[in-house]
Amino acid sequence: MGVSGGVWAAGSDAPEKKEIRVGFIPLTDCSSVVMAAVQKFDEKYGIKIIPSKEASWASVRDKLVSGELDAAHVLYGLVYGVHLGIGGPKKDMAVLMSLNNNGQAITLASKLKEQGVTDGAGLRKLISAKPGEYTFAQTFPTGTHAMWLYYWLAAHDINPMKDVKVITVPPPQMVANMRVGNMDGFCVGEPWNNRAIMDKIGFTAVTTQDIWTDHPEKVLGTTADWVAKHPNAARALTAAILEAGRWIDASLPNRRTTAETVAQKSYVNTDMDVILERMLGRYSNGLGKSWDDPNYMKFYNDGAVNFPYLTDGMWFLTQHRRWGLLDKDVDYLAVAKQVNRIDIYKQAATAAGVPLPKSDMRSSKLIDGTVWDGRDPAKYARSFKVKA
């Protein structure tokens, strides 16, 4: 039973497609997609989720656009980039829900520690004192990790477009590239930051939740065409993954089971302990500091994680504008309303018994003290001292 203004007529809410192929990249935050299939939350909604492991975000983008994938665990900014035709082909896209908040990090290479760098201020000091080529990696040009990296560098008066070199590297290849000296730092999702610490090749300079607490991260993305053809399947898919996120966040034993599952070769393919520590909020930075982080990766948080807030999508557009990926202002709110399918989400949340927020917008304070509330996105995009 679900609600869409009224109640669906009997039989008309059946999913148009029973088997749904959902792409994912080997990262801890693919967990709710994987567990929706493994724990059979999908069956409850009359579908079968087929998780499809992908090699890179570019591959995810191409397979979504071609229809080879029905939907994907995907970078928020990638979906918006495709919708506007930046960073690849232009195609109308859809965000069905947010999959997680928090839980990424910026890792710096151990060689920087030997030069006195432990944080952003130390990095700024080194770059000023010893100019040269400093290379940093992100995972996709319009994606979340590029934006967290750029934001953090700029907050320390380092211009990512001028003061350093930035390259794109798929998440599972980050650690290997740092090991052979290809980069001074990277921004990526877990477990690859913790893997760098365990392999003694890097340390955590900052977590992304310290850049923006409860920030949007991965989303369940698809094309607008797919939603138009399969509205019931889109709702069923969203509801199943909502239930999986709620299950993961419900208890520590469920988180442990999740870590054991996604560590397997068919998913993330790493040691379970590398995933579990930070999934439980137990952080160590590789510099001798350990702490329990209350803002660890969340998959549900009473539904607050999952609502596709218009302001979240708009924020990525403001950063695309800031860094010259967009050459002019767009109608930020109109684009977010096109992409973020709040209508489908509300139906799915109602079907799964997930509470809804009072507003489609939210306000957040970031690491540099600026407040983002979506009220004047063009002004916000222009307001930064460090920009392209």
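## Helix α7

Helix α7, covering residues 144–155, comprises 12 residues and spans 16 Å from its first C-alpha to its last, close to the 16 Å expected at 1.5 Å a residue. As with everything described here, this value comes from a predicted model.

Most of α7 is covered, with 11 of its 12 residues buried. The buried residues are T144, H145, A146, M147, W148, L149, Y150, Y151, W152, L153 and A154. Just after the helix, D157 adopts a positive phi of about 65°.

## Helix α4 and V82

Helix α4 (residues 76–84) contains V82. Like α7, this helix is described as mostly covered: 8 of the 9 residues of α4 are buried. The buried residues are Y76, G77, L78, V79, Y80, G81, V82 and H83. G85 follows α4 and has a positive phi, near 75°.

V82 has a relative accessible area of 1% and is therefore classed as buried, the cut-off being under 20%. When residues up to four places away in sequence are left out, the contacts of V82 are with R61, V65, P89, K90, K91 and M93. In addition, V82 and D92 are separated by 10 residues in sequence, and their C-alpha atoms lie 7.4 Å apart in space.

## Packing of α1 against α13

Helix α1 (residues 31–38) packs with helix α13 (residues 252–262) at an angle of about 90°, and the two axes are 10 Å apart. Because angles of 65 to 115 degrees count as roughly perpendicular, α1 is described as roughly perpendicular to α13.

On the α1 side, the contact involves S31, V34, M35 and V38, which meet T257, T258, T261 and V262 of α13. By class, this contact is made up of 4 nonpolar and 4 polar residues, with no charged residues.

## Packing of α15 against α16

A further helix pair is formed by α15 (residues 310–322) and α16 (residues 332–339), whose axes come within 9 Å and cross at roughly 125°. This angle makes α15 oblique to α16, because it falls neither in the range of 65 to 115 degrees counted as roughly perpendicular nor over the 145 that marks roughly antiparallel. The crossing of α15 past α16 is right-handed.

The residues of α15 in the contact are L310, M314, L317, T318 and R321, and those of α16 are Y332, L333, V335, A336 and K337. Divided by class, the residues of the contact of α15 with α16 are 7 nonpolar, 1 polar and 2 charged. Charged residues thus appear in the contact of α15 with α16, whereas the contact of α1 with α13 has none.

## The loop at G46

G46 is located in the loop between α2 (41–44) and β4 (48–53). With a relative accessible area of 35%, G46 is partly exposed, because this class lies between the limits of 20% and 50%. V82, by contrast, is buried.

Leaving out residues up to four places away in sequence, G46 touches P15 and K18. G46 and D273 are 227 residues apart in sequence, and the distance between their C-alpha atoms is 34 Å.

How values were computed. Residues are numbered from 1 along each chain as its sequence is written. This is a predicted model: local features need pLDDT of at least 70, side-chain atom pairs count only at pLDDT 80 or more; totals for chains, interfaces and linings use all residues. Side-chain values use heavy atoms; hydrogens and water are left out. Axes are lines fitted to C-alpha atoms, for helices over the stretch in contact, and angles run from 0 to 180 degrees between N-to-C directions. Helices (H or I, at least four residues) and strands (E, at least two) are DSSP runs, numbered from the N terminus. Angles under 35 degrees count as roughly parallel, over 145 as roughly antiparallel, 65 to 115 as roughly perpendicular and the rest as oblique. A crossing is left-handed if the near helix is turned anticlockwise from the far one by less than a right angle, and right-handed if clockwise. Contact means heavy atoms within 4.5 Å. Ala, Val, Leu, Ile, Met, Phe, Trp, Tyr, Cys and Pro count as nonpolar, Asp, Glu, Lys and Arg as charged, and the others, Gly among them, as polar. The expected span of a helix is 1.5 Å times one less than its number of residues. Buried means under 20% relative accessible area, exposed over 50%, partly exposed in between (1.4 Å probe, protein chains only).
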